[in-house]
Amino acid sequence: MSANRRFSQSSLDIYMKLGHSLVEGWLHPIDARIISALGEYQTKAGIKGSVGEIGVYKGRLFILLSLLSHEGEPLFAIDPFTLEAFEDDVVDASHDKVIGSINDFKTNLITHAGEINELQIFNCSSHMLKAETLLDSASQARLVSIDGNHSAKFVYSDLCLISEILDENGIIMIDDVFNPLYPDVSVGLYKYLYHSDDLKPFCIGQNKVYLCRQEALTKFRDVLSLDKNIVVKTKMEYFGVEVDIVDYYVNTYREVFYFLRINLSQVQGYKSFLLRMVHKSIEHAIRKSMTHLR
Ligand SMILES: C[S@@+](CC[C@H](N)C(=O)[O-])C[C@H]1O[C@@H](n2cnc3c(N)ncnc32)[C@H](O)[C@@H]1O
């Protein structure tokens with residue numbers, strides 16, 4: 001019943017442990033673990049379909065999706081990659097910082113996963129695509145990330161696009177819903193959830209909300225609650241259903257440093273504070289040795 005993975009388990013393990021931190025981009029270890037647990041479950045349960053992402057940047061998350069994909073399964077990557085490819089009204093404020101390059105994307109994919117014949121790259125904005133176009137080149141989707149333009153208009157239309165092609169056992173993850181730098185993402189998601197009964201949330205990770213069809217909610221929540229590396233911190237009501245708020249067990253020193261680094265990096269001015277501390281300690285040491293010399 002289970003499907004065959006396109007790449008080996010060891011490639012996935014290496015990417016989870018180390019590889020993903022070598023690719024520039026955004027993927028929190030908590031979300032990497034959730035996505036991997038859900039993808040591995042779909043493999044074991046023989047759930048097939050296409051896998052893809054809107055907004056791939058340099059491939060950090062897309063590589064994980066590829067490593068979770070099955071032999072012969074279609075993959076799609078949607079990203080305009082250049083500012084020039086955007087119309088004025090679709091550029092969000094962050095674009096000067098988050099434009100990737102198609103060459104970096106392809107190189108990273110080959111380095112951390114491998115060649116994929118069934119990959120279709122749509123080098124354009126997601127609003128240029130219709131569900132039929134995606135279905136022509138892919139099949140019903142089973143695992144899709146939405147991380148493109150962070151304006152409400154786009155988040156909403158990306159959700160409409162992907163929900164049209166989502167398999168009954170498919171999962172959508174949507175980025176930055178609670179990120180205060182991108183408040184419009186939640187507006188787009190809420191507009192979708194208020195107007196449609198099609199998808200429901202079942203999990204909130206570090207930086208992503210996970211959605212699936214109502215009938216699949218319990219199944220996917222069970223998967224997460226049985227994974228030993230995932231901690232369900234609490235359960236909360238969200239859009240009329242109960243969702244799991246997920247945390248993560250830190251297993252290695254590397255992970256401890258990783259968490260310290262990313263949490264510190266969210267505190268404004270922490271670098272200059274650390275520098276001041278270093279200066280003060282050096283000054284103190286010099287003064288001390290001077291008094292000894294005298
Ligand atoms: C935050 S980055 C994505 C990070 C990526 N998921 C990762 O794993 O690191 C946002 C990406 O969305 C792309 N993007 C912006 N507007 C888009 C649109 N309308 N359609 C598709 N992609 C878009 C940008 O070019 C950029 O590469």
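This report describes the fold, the buried elements and the ligand surroundings of one protein chain.

The structure is a predicted model. Its protein chain holds 10 helices and nine strands. Of the 294 residues in the protein chain, 38% count as buried. Contacts between residues at least 6 apart in sequence are dominated by distant pairs, since 74% of them join residues at least 24 apart.

**Nonpolar core**

In soluble globular proteins, nonpolar side chains tend to be buried together. The largest nonpolar core in this model comprises 62 residues. Leu64, Ile162 and Ile172 have the most contacts inside that core. Leaving aside residues up to four places away in sequence, Ile162 touches Ala141, Val144, Ile146 and Ile172. Ile172 therefore appears twice in this account, as a partner of Ile162 and among the residues with the most contacts inside the core.

**Helix α3**

Leu64 is also one of the buried residues of helix α3. This helix spans residues 60-67, and eight of its eight residues are buried. Along with Leu64, the buried set includes Arg60 and Ser66, as well as Leu61, Phe62, Ile63, Leu65 and Leu67. The cover over these buried residues includes the helices α1 (9-22), α2 (29-44) and α4 (102-112). It also includes the strands β1 (50-54), β2 (75-78) and β4 (141-146).

**Strand β7 and its partners**

Strand β7 covers residues 208-213, and five of its six residues are buried. It pairs with both β5 and β6, as the table sets out.

| Strand paired with β7 | Bridges | Direction | Example of facing residues |
|---|---|---|---|
| β5 (residues 166-175) | five | antiparallel | Ile171 with Cys212 |
| β6 (residues 199-204) | five | antiparallel | Pro201 with Leu211 |

The connection from β6 to β7 is a hairpin through three residues. Ile171, whose bridge partner in β7 is Cys212, belongs to strand β5, which spans residues 166-175.

**Ligand surroundings**

How many residues surround the ligand? The shell consists of 24 residues, of which the closest are Gly25, Gly55, Leu61, Gly148 and Asn149. By character, the shell divides into 13 nonpolar, eight polar and three charged residues. Leu61 links this site to the helix described above: Leu61 is among the closest residues to the ligand and is also a buried residue of α3.

Terms used. Residues numbered from 1 in each chain as written. Predicted model: local features only at pLDDT ≥ 70, side-chain atom pairs only at ≥ 80, totals over all residues. Near = placed C-beta within 6 Å. Nonpolar A, V, L, I, M, F, W, Y, C, P; charged D, E, K, R; others polar. Helix = DSSP H or I, 4+ residues; strand = E, 2+ residues; numbered from the N terminus. Buried ≥ 20, exposed ≤ 12 C-beta atoms within 10 Å, placed from the backbone. Contact = placed C-beta atoms within 7 Å. Pairing = 2+ DSSP bridges. Core = buried A, V, L, I, M, F, W, Y, C linked by C-beta atoms within 7 Å.
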